[in-house]
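Colleague: Could you take me through how the two chains meet, and how each label is earned?

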Amino acid sequence: MLKDRQDLKQLREECVKSYNAYTRKILVCAGTGCVSSGSLNIYAKLRELIEAKGIHCAVELEEEPESNGVALKKSGCHGFCERGPLVRIEPEGWLYTKVKVDDCEEIVEKTIVNGEHIERLAFQKNGEIFKTQEEIPFYKKQTRVVLEHCGHIDSLSVREYLSQGGYSAFEKALFDMTPDEVIEEVSDSGLRGRGGGGFPAGRKWAQVKRQNAPQKYVVCNGDEGDPGAFMDRSIMEGDPHRMLEGMMIAGAACGATEGYIYVRAEYPLAVERLKTAIAQAKEIGLLGKNILNSGFDFELHINRGAGAFVCGEGSALTASIEGKRGMPRVKPPRTVEHGLFDSPTVLNNVETYANVPSIISRGAEWFKSIGVEKSPGTKAFAITGDIENTGLIEVPMGTTLREVIYDVGGGIRGGGKFKAVQIGGPSGGTLTEKDLDLPLDFDSVKKAGAMIGSGGLVVMNDKTCMVEVARFFMNFTQNESCGKCVPCREGTRRMLEILERIVAGNGEPGDIDLLLELAETISATALCGLGKSAASPVVSTIKNFRDEYEAHINEKRCPAGVCQKLKRIEIQPDKCKGCSKCSRGCPVGAISGVIKSPFVIDQSKCIKCGACVTTCPFHAIEVK
Amino acid sequence: MQSTIQLAEVDEIIDRIGCEEKNIISILQGVQEHYRYLPAEVFPHIARRLGVGEARLFSVATFYENFSLEPKGKFVIKVCDGTACHVRQSPPILARLREELGLSESKKTTDDLMFTVETVSCLGACGLAPVITVNDHVHAEMTPDKASEILKQLKEGTAEC
């Protein structure tokens, strides 16, 4: 139990010493992605084989390290989920990809015993072999601040976190700075909320600090509900202490003594790791009463969500922590005045808090040197969809979309053509080819009619139907509408009905205008952020792909060939040999003809099942 | 097998979490983890213990997607239909599972209470899309055929969970 600042310094020194005791370190990725591809079995196998060799295997930071041995650790998410399970070898910084249990023996024999690199496990592209992690194009353009430890240290060890200078920012905030100085530093840094809105964090903290109330709270929004976004999950799993430290600094600065972390139910691993991290911090005395004899008390609680997207909205989230239905309320009063349990509350998201320790340690000027003027710092993005390198990335704000998709993301999967990217989840919008050189920062993306949101980037190729995408998002939002306010509850339902009608081939002239009119009304009158932005994907796809909507409505045609009901299957008369195979295989008897002359499909009977397309030996049947 | 609900078990859950109104969601989660659903019998009891109306509990239980007032299967299969999984073809996987188990959008659990099939909006494992989970255990890069294989193993009792 650490009694004062001196104790913490001493413990940190010990941790640094034991961290440096072993130069050979093996880091097995234990993020959700790699775990489900079997990384824990690899960890167990490596341990077994190393020990069988008679080599000392250090699975945690030891108080008295052996003179010789290897350190084996379970790390947080490396981000390169597509190539998992990943194993990083230090000190060289080699990255082994798609490792299997059967590869472990070779890793122990060659790499651990002889220090040799195993070429076949390295990342390869176009015949080129990339030995170290830093050389791989996916990592090259990244700047890792909030993810700096992810993949590099044992995510479940407070001692490892301390060895990297962990909790020194909290220490600095407690002993070397006044609360006002801490808030000023955060304000000066220009840190903006990473959860979507981009509201300046420092201003929020100052507002809470100003309130005169017996109890204040710090709340962390880990309800990362946007489909296709998993940045926050990776931080909570891969470097939980960094986020706790950010919350503790916020508590010390604003005068809050209690904090709540609200995590989605779909992230069981994150909940488990946060629980462990909190227990560890408590055990060494970084949480509790009179922390390090500074007079500051702080406790942290975890609340698991129960499956409601709307709980990502501030007032719904606090209602849910209070054990109520997660429904937003009318604002003002705002959360900074009347938040959790009606008390002043600092509410930020995971990535925002994770930025705080670096800002306090390295200063606002350093933070502002990254990114662009109005949006300093970095942003973590989850790139998914039709992209070569699916995964988690962190780049400076203002990096262009082209760099993200082509340099980091490796371009479109299977060499396809880029069509659009959906940014900001169901509240965001689409960016297209003309936006490829758009710098990704809060204001530029907003100007282009989308929003950074939490940072999900879903890349879509030219085989994607944008009307269907709009329907997909509207279906999601409609399902998740809490039902409290009429514009959202009824408006999204009507919009969904219209979109369903269009993709089914029953669109009517005037539907586009009706959609836009509904969208305008909903955004102007809905109660909360979910409702206000519910129509954004529709408005944005209409703006960028109006011709696709028109083709669906006027020509009853889906240009991407996705919408089932609008598909048209036709036999090419010049290729058809009249073998009758298709007509025999048709489940509804829609194909007829005379042997040895071209057959014809009766479109009124055809159910577009595609059975004929696959049976035709001459590839004479086409889907249009 | 779970025809009678032991109120002593429910009490234990309440006491472990803390008998306070703000803990309603956690208590219901605890009960659901134990029984795999929220049996009607527990409501009057929890309401009495917390000193709130039953309606207050039902308001929470019916609002959140994760709560079920009907028994769930031994194996709860969640098919991710988040954006990333959707664009990488998760709908055919859902269709196959439903077809093989005789389930539909409205009928989510098999009559023998072995399987429940539901969708989830995103599991955050987009790098492995499309994914399904069986009792929270993630299965990556699914195809309809792989899903059938998992079902077969679950029925034979040879799968991991």
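Modeller: Happily! Let's start with the charged pairs: there are two salt bridges between chain B and chain A. This is a predicted model, where local features need pLDDT of at least 70, side-chain atom pairs count only at pLDDT 80 or more, and totals for chains, interfaces and linings use all residues. Residues are numbered from 1 along each chain as written, chains are lettered from A and ligands numbered from 1 in written order, and side-chain values use heavy atoms, without hydrogens and water.

Colleague: Why is the pair R88(B) and E82(A) called a salt bridge?

Modeller: The term asks for a side-chain nitrogen of Lys or Arg within 4 Å of a carboxyl oxygen of Asp or Glu. In R88(B) and E82(A) the closest N and O atoms are 3.6 Å apart, so the pair qualifies.

Colleague: Which elements of chain B give two or more residues to the side that touches chain A?

Modeller: Those are helix 2 (24-35), helix 4 (54-63) and helix 5 (83-87) of chain B, helices being DSSP runs of H or I with at least four residues, numbered from the N terminus. Helix 4 of chain B gives the largest share, five residues.

Colleague: How many residues are in contact between the chains?

Modeller: 32 residues of chain B are in contact with 47 residues of chain A, contact being heavy atoms within 4.5 Å.

Colleague: And what makes helix 18 of chain A "mostly covered"?

Modeller: Buried means under 20% relative accessible area (1.4 Å probe, protein chains only). In helix 18 of chain A, 13 of its 15 residues are buried, so the label fits.

Definitions and conventions
Buried < 20%, exposed > 50% of the residue type's maximum accessible area, 1.4 Å probe, protein only.
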